Amino acid sequence: QTDGKLIAVGKTCTMGSCDDYNSLVMRLNSNGSLDTSFAAGGIVNLDTDPNAWTEQLNEVSIAANGNIVAAGYACISGAPGTCGNTNAMALRLNSYGVLDSGFGVGGVKSFSVGTGNDYVDGLYLESSGAVWLGGYSDSATGVDFMLASLDDSGLLNTAFSGDGKYLSSIQSHNFAHALLRQ
């Protein structure tokens with residue numbers, strides 16, 4: 001952030017046995033203390049989907065207006081401690097740590113890209129607010145390179161690849177981990 005504060009994302013355990021993880025966003029001051037002006041004492045602990053057993057944020061970016069966009073995945077089926085299927089997931093918070101209802105559904109966009117598990121490991125945020133996601137999707141023949149494009153309201157951008165999603169199996173195991181726009 002331009003004010004020297006640090007945003008960190010990941011996951012946090014919500015049950016004693018850690019079979020259920022929530023999305024985690026933290027904001028710290030430049031001295032390493034939690035920024036208590038952000039969310040609840042500097043921490044956003046989100047259960048973005050009550051039917052998801054595990055959620056994890058892997059990437060984060062900050063827009064010029066201070067909005068925070070983070071991405072990862074949500075386990076959408078299975079039982080505690082197991083995951084039947086994962087969806088790609090992105091969320092947007094305002095600068096105070098509150099989900100932005102103008103993005104996706106209630107601030108969260110969770111969607112399937114391929115026929116198997118989808119994971120987001122890369123994020124690029126356009127100045128317009130559009131979001132690019134990169135990662136991978138399990139398939140019957142291995143792991144596919146995955147890209148997705150969301151507009152500034154969290155809808156899939158159908159101008160990209162016809163449906164906003166792109167899969168490629170260059171070889172048997174393919175992963176996108178970082179994105180950069182020229």
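Begin by selecting strand 3, residues 43-46, where the side chains alternate along the strand: Val44 and Leu46 point to one face and are buried, while Ile43 and Asn45 point to the other face and are not buried. Keep in mind throughout that this is a predicted model.

With strand 3 still highlighted, add strand 2, residues 21-28, which pairs with strand 3 in the antiparallel sense over four bridges. Within this pairing, pick Met26, which stands opposite Ile43 of strand 3, and recall that Ile43 is one of the residues pointing to the face whose side chains are not buried.

Next, show the side chains of Lys11 and Tyr21: the charged end of Lys11 sits over the ring of Tyr21, at 4.4 Å from the centre of that ring.

Now move to the open sheet, which is formed by four strands in the order 8-9-10-11 with antiparallel pairing. Its edge strands are strand 8 and strand 11, each of which pairs on one side only, and the twist from one strand to the next averages 20 degrees. Zooming in on strand 8 and strand 9, you will find that they pair in the antiparallel sense over seven bridges; select Val120 and then Gly135 in strand 9, which is the bridge partner of Val120.

The last part of the tour concerns the aromatic rings. A pair of such rings is described by the distance of the centres and the angle of the planes. The count in this model comes to four aromatic pairs. Select Tyr73 and Tyr119, whose rings form an edge-to-face pair with 5.0 Å from centre to centre and 75 degrees between the planes. Because Tyr73 lies in strand 5 (residues 68-77) and Tyr119 in strand 8 (residues 118-125), this pair ties together parts that are 46 residues apart in sequence. Tyr73 and Tyr119 are both buried.

Then turn to Trp132 and Phe160, whose ring centres are 4.8 Å apart and whose planes stand at 85 degrees, so that this pair too is edge-to-face. Trp132 belongs to strand 9 (residues 131-139), whereas Phe160 lies in the loop between strand 10 (142-150) and strand 11 (165-168), and the pair therefore ties together parts that are 28 residues apart in sequence. Both Trp132 and Phe160 are buried.

To finish, return to Tyr73 and Tyr119 and add Tyr136 and Phe175 to the selection, since these four residues form one aromatic cluster.

How values were computed
Residues are numbered from 1 along each chain as its sequence is written. This is a predicted model: local features need pLDDT of at least 70, side-chain atom pairs count only at pLDDT 80 or more; totals for chains, interfaces and linings use all residues. Side-chain values use heavy atoms; hydrogens and water are left out. Rings of Phe, Tyr and Trp (its six-membered ring) pair if their centres lie within 6.5 Å; planes under 30 degrees apart count as stacked, over 60 as edge-to-face and the rest as tilted. Helices (H or I, at least four residues) and strands (E, at least two) are DSSP runs, numbered from the N terminus. Buried means under 20% relative accessible area, exposed over 50%, partly exposed in between (1.4 Å probe, protein chains only). A charge sits over a ring if NZ of Lys or CZ of Arg is within 6 Å of the ring centre and within 35 degrees of the ring normal. Two strands pair if DSSP finds at least two bridges between them. Axes are lines fitted to C-alpha atoms, for helices over the stretch in contact, and angles run from 0 to 180 degrees between N-to-C directions.
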